[in-house]
Amino acid sequence: MYERILRIQPLEFKGERLDEVGKRIVAIFHPLFTGYSINDKLQLSDTEAGLITERNSAHETIVYSPSLPKLFLDYIKPLLVITSLGVINNNRTSVYGGSDKFYEVDFISAYKSYGVLNSDHSIDAIVSVAIHELGHRFGLEHHKWIGRYTSKQKYCPMTTEHIWDKAEGRITSSEYLSLQDSASFCRGCTKKVERLKKEIRRHNVLV
Ligand SMILES: [Zn+2]
Ligand SMILES: [Zn+2]
């Protein structure tokens with residue numbers, strides 16, 4: 001029986017309800033993921049010294065560089081790391097996360113995604129960022145909105161305009177969440193993901 005479990009790794013994660021996150025991810029991607037499990041909580045101090053951090057104002061920040069996914073080399077994959085820390089890239093820009101196909105590690109910053117911990121919105125925000133990063137894992141790319149709504153008449157998680165609008169403060173977090181679908185992709189992206197799912201069902205393997 002084909003099985004592919006997504007391991008969710010909380011890293012300095014201050015929220016709850018990761019079960020709901022896992023369930024919603026599997027609902028979208030099954031059978032690309034046939035299930036999920038939640039690893040034990042991890043603190044920065046538990047990780048290798050290579051995890052580059054800094055403190056800015058009141059918040060600890062991780063630098064998302066190509067070496068970051070490598071730190072999880074010994075973990076069972078595929079892995080989705082969820083952190084309440086800030087994440088910046090090498091250009092010092094704050095990011096929502098990153099996806100590394102080679103190491104099969106996706107990384108998302110819950111801090112960047114929402115303002116209020118433990119709220120319903122925060123779960124929506126985590127899920128929508130998670131499915132964006134996992135979408136990359138399965139070959140989806142960013143696209144402009146150009147009328148590509150989901151079936152709920154919302155923005156596809158791979159749409160970029162509203163992400164920039166939020167990142168640059170033109171819309172609030174709750175406006176962003178009300179615009180974006182956190183349960184499905186647009187038709188074009190769905191087609192690509194469905195093609196992969198079909199291959200798996202046919203061959204019972206991941207291609
Ligand atoms: Zn992206
Ligand atoms: Zn799309």
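This is a short chat about the fold, core and backbone of a predicted model.

Student: Start with the sheet. How many strands, and in what order?
Tutor: Five strands form an open sheet. The order is β2-β1-β5-β8-β7, with mixed pairing.

Student: Which strands stand at the edges?
Tutor: β2 (35–38) and β7 (97–100). Each has a single partner strand, so one side of each is left without a neighbour in the sheet.

Student: And what is the twist?
Tutor: From one strand to the next, the twist averages 20°.

Student: How do β5 and β8 run, parallel or antiparallel?
Tutor: Parallel, and five bridges join them. One residue to look up is Thr-83, whose bridge partner in β8 is Ser-109.

Student: Which strands does α1 lie across?
Tutor: β1 and β2. Against β2, α1 runs at about 160°.

Student: New topic, the core. How many residues are in the largest nonpolar one?
Tutor: There are 35 residues in it. Val-21, Ile-25, Ile-82, Ile-108, Ile-126 and Ala-130 have the most contacts inside that core.

Student: Which elements give two or more residues to it?
Tutor: Strands β1 (5–11), β4 (59–64), β5 (79–83) and β8 (105–109) do. So do helices α1 (18–29), α2 (110–113), α3 (120–137) and α5 (173–179).

Student: Which one gives the largest share?
Tutor: α3, with eight residues.

Student: What does Ala-130 touch?
Tutor: Leaving out residues up to four places away in sequence, Ala-130 touches Val-21, Ile-25, Leu-80 and Ile-108.

Student: Which residues does the second, separate core include?
Tutor: Among its eight residues are Leu-140, Tyr-155, Met-158 and Cys-186.

Student: On to the backbone. Where is the peptide bond cis?
Tutor: One cis bond runs from His-30 to Pro-31, with omega near 5°. Pro-31 sits in the loop between α1 and β2. Another cis bond runs from Lys-77 to Pro-78, with omega near 0°. Pro-78 is in the loop between β4 and β5.

Student: What about phi of Glu-12?
Tutor: Phi there is near 45°, a positive value in a residue other than glycine. Glu-12 is in the loop between β1 and α1.

Student: Is Glu-12 buried or exposed, and why?
Tutor: Buried, because 20 other C-beta atoms lie within 10 Å. The cut-off for buried is 20 or more.

Student: And Gln-153: buried or exposed?
Tutor: Exposed, because Gln-153 has 7 other C-beta atoms within 10 Å. Gln-153 also has a positive phi, about 60°, although it is not a glycine. Its loop runs between α3 and α4 (161–167).

Note on methods: Residues numbered from 1 in each chain as written. Chains lettered and ligands numbered in written order. Predicted model: local features only at pLDDT ≥ 70, side-chain atom pairs only at ≥ 80, totals over all residues. Core = buried A, V, L, I, M, F, W, Y, C linked by C-beta atoms within 7 Å. Buried ≥ 20, exposed ≤ 12 C-beta atoms within 10 Å, placed from the backbone. Helix = DSSP H or I, 4+ residues; strand = E, 2+ residues; numbered from the N terminus. Contact = placed C-beta atoms within 7 Å. Pairing = 2+ DSSP bridges. Axes fitted to C-alpha atoms, helices over the stretch in contact; angles between N-to-C directions.
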